[in-house]
Each structure stands twice: as C-alpha cells, then as structure tokens.
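Visitor: I am new to this structure and would like a close look at a single part of it. Please go slowly and keep to what the model shows.

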Amino acid sequence: MMKQIVILLVLFFSFRMACGEELFRLHSVSSDEGLASSNVTCMVQDKMGFLWLGTTDGLARYDGVRFVNY
C-alpha cells in the first residue's frame with residue numbers, strides 16, 4: 001500500500017513538472033498595500049474576478065493591483 005502511494009506521488013509531481021504549469025500562485029498582501037486589516041476572516045472571488053475580503057476592520061475589494069475598502 002505504501003509503495004503504491006509513493007509511486008502515485010512520484011507520478012503526480014513528474015507530470016506537474018513536465019507540464020511546466022503552476023497549480024497555484026500565492027501572493028501575500030498586507031495593510032501596507034492598502035488592505036484595511038491584515039486579519040482576513042473570509043474571502044471569495046466574484047464572476048468579474050475581483051477578490052472580496054472580509055477583515056476585522058471591514059470589507060475590501062481587490063482587483064489584483066489595488067484595494068478598495070468599504
């Protein structure tokens with residue numbers, strides 16, 4: 001069983017490296033970039049691509065460049 005899991009993991013990472021694509025791209029943002037609070041409690045992306053972040057200090061919309069705080 002353990003041998004099968006190791007083989008699957010090796011195949012998965014080999015395939016991912018062969019494709020050359022990232023599955024996720026993470027970017028850290030803070031109040032220095034305009035976010036009302038660094039304490040984010042919830043997050044959702046709408047159909048237009050905006051990220052809506054619920055923070056302890058209010059609601060923020062992020063377009064990938066700047067924040068608009070509400």
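In β2, which residue is the bridge partner of Val44? Please take me from that pair through the rest of the sheet.

Guide: The partner of Val44 in β2 is Trp52. Before going on, note that this is a predicted model.

Some orientation first. The chain holds one helix and four strands, and along the sequence they come in the pattern α-β-β-β-β. The strands make up an open sheet whose order is β1-β2-β3-β4, with antiparallel pairing. At its edges are β1 and β4, the latter being residues 67-69, and each of these two pairs on one side only. Ignoring direction, neighbouring strands in the sheet are turned by 20° against each other on average.

The pair you asked about belongs to the step from β1 to β2. These two strands run antiparallel and are joined by five bridges, and the bridge between Val44 and Trp52 links a residue of β1 with one of β2. In the hairpin that β1 and β2 form, five residues lie between the strands, and Gly49 has a positive phi near 100°.

The next step across the sheet is from β2 to β3. Strand β3 covers residues 58-62, and its antiparallel pairing with β2 also rests on five bridges. Two residues make the connection in the hairpin from β2 to β3. Leu51 has Tyr62 as its bridge partner in β3, while Thr55 is bridged to Gly58.

Thr55 deserves a pause. This residue sits in strand β2, and its relative accessibility is 10%. Buried means under 20%, so Thr55 counts as buried. Its side chain takes part in two polar contacts with the backbone. In one, a polar atom of the Thr55 side chain lies 3.2 Å from the backbone nitrogen of Asp57. In the other, the Thr55 side chain reaches the backbone oxygen of Gly58 at 2.7 Å. Gly58 is thus met twice from Thr55, as its bridge partner and through this side-chain contact.

The last step is from β3 to β4. These strands are antiparallel too, and three bridges join them. One pair here is Arg61 with Val68 of β4. The hairpin of β3 and β4 has four residues between the strands, and in its turn Gly64 shows a positive phi of about 100°.

Asn69 is also placed in β4. With a relative accessible area of 39%, Asn69 is partly exposed. Its C-alpha atom is separated by 6.5 Å from that of Ala36, although the two residues are 33 apart along the chain.

From there, turn to Ser37, which lies in the loop between α1 (residues 2-19) and β1. Ser37 has a relative accessibility of 9%, and therefore counts as buried. Within the loop region, the Ser37 side chain reaches the backbone nitrogen of Asn39 at 3.1 Å. The side chain of Ser37 also makes a polar contact of 3.1 Å with the side chain of Thr56. For the chain as a whole, 11% of the 70 residues count as buried.

What remains is the space beside these strands. Rolling a probe the size of a water molecule over the atoms shows where empty space is left. In this model, the largest pocket holds about 350 Å³ of space. It is lined by 13 residues, and the closest to the pocket centre are His27, Val29, Met43, Leu51 and Tyr62. The elements giving two or more residues to this lining are β1, at 40-45, and β2, at 51-55. The largest share, three residues, is from β1. Sorted by class, the lining has nine nonpolar residues, four polar ones and no charged ones.

This brings the account back to the pairs of the sheet. Leu51 and Tyr62 are among the residues closest to the pocket centre, and these two are also bridge partners between β2 and β3. Your starting pair, Val44 and Trp52, belongs instead to the pairing of β1 with β2.

Notes:
Residues are numbered from 1 along each chain as its sequence is written. This is a predicted model: local features need pLDDT of at least 70, side-chain atom pairs count only at pLDDT 80 or more; totals for chains, interfaces and linings use all residues. Side-chain values use heavy atoms; hydrogens and water are left out. On a 1 Å grid over the protein atoms alone, a cavity is a set of points where a 1.4 Å probe fits but cannot get out, and a pocket is an open set with protein on both sides within 12 Å along at least five of seven lines; lining residues have an atom within 4 Å of a point. Grid points are joined across faces, edges and corners, and a volume is the space filled by probe spheres set on the points. Ala, Val, Leu, Ile, Met, Phe, Trp, Tyr, Cys and Pro count as nonpolar, Asp, Glu, Lys and Arg as charged, and the others, Gly among them, as polar. Two strands pair if DSSP finds at least two bridges between them. Axes are lines fitted to C-alpha atoms, for helices over the stretch in contact, and angles run from 0 to 180 degrees between N-to-C directions. Buried means under 20% relative accessible area, exposed over 50%, partly exposed in between (1.4 Å probe, protein chains only). A polar contact is a pair of N or O atoms within 3.5 Å; within protein, one must be able to donate a hydrogen and the other to accept it, and residues adjacent in sequence count only if both atoms are side-chain atoms.
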